[in-house]
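The exercises below are intended for a reader who meets this structure for the first time. Please attempt each task before reading its solution.

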Amino acid sequence: MVSGVATGTGQEFRLPDVGEGLVEADIVAWHVSVGDSVAVNDVICEIETAKSVVELPSPYAGEVLEILVEVGETVAVGTPIIRIGSAAEAAAGPEAPGEPAAPAPDAPSEPVEEKQQTLVGYGPREASVHRRPRRSAEAGGAPRGVEGKDGGVRGVVPLAKPPVRKLAQDLGVDLAAVEPTGPKGDVTADDLHRTVGRHAAPQPAQPAQPVQSAQPALPAPVITGRVTREPIKGLRKAMGQAMTASAFTIPHVTIWATVDMTETMRQAERLRAEPEYAGVRVSPLLLLSRACIVALARHPLVNSLWDDAAGEIVLRHYVNLGIAAATPRGLVVPNIKDADLMSLPDLGAAINRLT
């Protein structure tokens with residue numbers, strides 16, 4: 001189902017129902033910016049549901065007038081996410097209620113017969129749209145302004161990407177007061193910083209205060225010392241729930257495999273002859289332990305923790321190597337702290353001490 005609604009300026013595209021009973025999705029990435037021209041079926045964004053990542057094509061052709069949802073936000077089905085129209089609509093601005101628009105000199109007086117563009121896969125449909133002619137710039141329309149009740153322009157709407165608008169809000173800068181230098185006449189982050197530096201007045205010396213960084217516009221990994229915390233959302237959340245359920249509902253099996261350790265045994269023999277390994281028991285266990293440490297560094301998700309209470313995945317940037325051992329008291333797992341920081345001889349000595 002493609003959902004849209006006509007507004008005073010352009011068509012609002014609402015988050016469609018992508019099927020399978022899903023009621024919400026996360027905005028993963030935008031492929032268009034304000035001011036870009038799009039055609040029907042051009043991919044405008046990617047969304048992530050609990051089951052997959054989906055590309056959304058545009059059901060309308062025209063110019064991107066406004067992006068209504070930031071990357072990283074979770075939105076319900078039916079929520080407007082983008083507004084698409086024509087440059088003339090953006091220039092005319094919303095019409096005041098109760099005030100009929102004056103027709104342009106060459107505007108037709110008959111209802112406009114228009115074929116609505118439809119999304120691939122949803123079938124053709126035709127409708128007769130009765131639209132009042134909008135004022136053009138020659139007929140007194142305000143160029144890229146917002147018209148007030150008295151007919152005056154309240155202010156110019158500058159072009160800027162969503163991250164730049166967020167930065168302007170954090171810096172307390174009015175985008176209309178910034179001179180744009182972007183390739184499409186849009187305001188860039190450099191423009192904002194240049195404006196802040198130009199208007200900054202010298203301040204009297206103040207006691208040093210801790211600097212608080214601006215919050216990101218979307219949920220981002222939080223690095224605190226030796227770990228990184230990533231929010232659990234969308235597809236990853238559904239996968240975690242399914243795997244948790246499978247641990248208690250699906251029988252587990254053990255697979256035994258035979259591995260050719262010939263080269264490993266030869267490597268162990270070579271290491272035993274090295275002076276730095278004197279007093280260290282070099283065994284296949286030492287080489288296997290080292291291989292595990294290297295693999296965990298390359299694939300940090302394997303060395304992570306699922307924090308269900310906080311709704312986060314905790315990635316650990318260190319390795320505490322546990323080695324299970326059967327003892328008369330039962331199965332114990334001695335632990336080598338920060339094994340990833342050890343050289344191979346030091347790791348061997350640590351294993352010897354645990355043994």
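**Exercise 1: A pair within one helix**

Glu 269 has a relative accessibility of 51% and therefore counts as exposed. The model from which this value is computed is a predicted one.

Task: Determine which residue forms a salt bridge with Glu 269, and state where both residues lie.

Solution.
1. The partner is Arg 272, and the closest N and O atoms of the two residues are 2.7 Å apart.
2. Glu 269 and Arg 272 both belong to helix α5, at a separation of 3 residues, or about one turn of the helix.
3. An α-helix has 3.6 residues a turn, so residues three or four places apart point the same way.
4. Arg 272 is classed as partly exposed because its relative accessibility is 38%. For Glu 269 the 51% lies over the 50% cut-off for exposed residues.

**Exercise 2: Pairs between distant parts of the chain**

Task: The structure holds 6 salt bridges. Explain what the pair Arg 226 and Asp 338 ties together, and find the strands that hold Glu 312 and Arg 229.

Solution.
1. Side chains of opposite charge can pair when their charged atoms come close.
2. Arg 226 and Asp 338 meet through their side chains in a salt bridge of 3.1 Å, N to O. Arg 226 is in the loop between β14 (222-224) and β15 (227-231), while Asp 338 is in the loop between β21 (335-336) and α7, so this pair ties together parts 112 residues apart in sequence.
3. Both residues are partly exposed: Arg 226 has a relative accessible area of 43%, and Asp 338 has a relative accessibility of 24%.
4. Glu 312 and Arg 229 also form a salt bridge, with 2.8 Å between the closest N and O atoms. Glu 312 is in strand β17 (residues 312-316) and Arg 229 in strand β15, so that distant parts of the chain, 83 residues apart, are linked.
5. Arg 229 is partly exposed, at 26% relative accessible area. Together with Asp 307 and Glu 312, Arg 229 belongs to a network of salt bridges.

**Exercise 3: The two faces of a helix**

Task: Compare the span of helix α6 with the expected value, then identify its buried residues and the elements against which they pack.

Solution.
1. Helix α6 (residues 284-298) has 15 residues, which at 1.5 Å a residue should span 21 Å; the C-alpha atoms at its ends are 21 Å apart, in agreement.
2. Leu 286, Leu 287, Ser 289 and Ile 293 are the buried residues of α6. They lie on the same side of α6 because they cover an arc of only 160° around the axis.
3. These buried residues pack against α5, β18 (321-322) and α7 (344-354).
4. On the face turned away from the buried side, α6 carries the exposed residues Leu 288 and Arg 298.

**Exercise 4: A surface patch and the whole chain**

Task: Which residues form a nonpolar patch on the surface, and how many helices and strands are in the chain?

Solution.
1. The patch consists of Val 259, Met 261 and Met 265, which together have about 260 Å² of accessible area.
2. Met 265 is part of helix α5 (residues 262-272) and is partly exposed at 38% relative accessibility.
3. The chain contains 7 helices and 21 strands, and 28% of its 355 residues count as buried.
4. The accessible surface of the chain is about 22,900 Å², and carbon and sulfur atoms account for 57% of this area.

Conventions:
Residues are numbered from 1 along each chain as its sequence is written. This is a predicted model: local features need pLDDT of at least 70, side-chain atom pairs count only at pLDDT 80 or more; totals for chains, interfaces and linings use all residues. Side-chain values use heavy atoms; hydrogens and water are left out. Patches are made of residues with over 30% relative accessible area and no salt bridge: like charges are joined within 9 Å, nonpolar side chains (Val, Leu, Ile, Met, Phe, Trp, Tyr) within 5 Å. Accessible areas come from the Shrake-Rupley method with a 1.4 Å probe; for residues, only the protein chains shown count as cover. A salt bridge is a side-chain nitrogen of Lys or Arg within 4 Å of a carboxyl oxygen of Asp or Glu. Helices (H or I, at least four residues) and strands (E, at least two) are DSSP runs, numbered from the N terminus. Buried means under 20% relative accessible area, exposed over 50%, partly exposed in between (1.4 Å probe, protein chains only). The expected span of a helix is 1.5 Å times one less than its number of residues. The arc is that of the directions from the helix axis to the C-beta atoms. Contact means heavy atoms within 4.5 Å.
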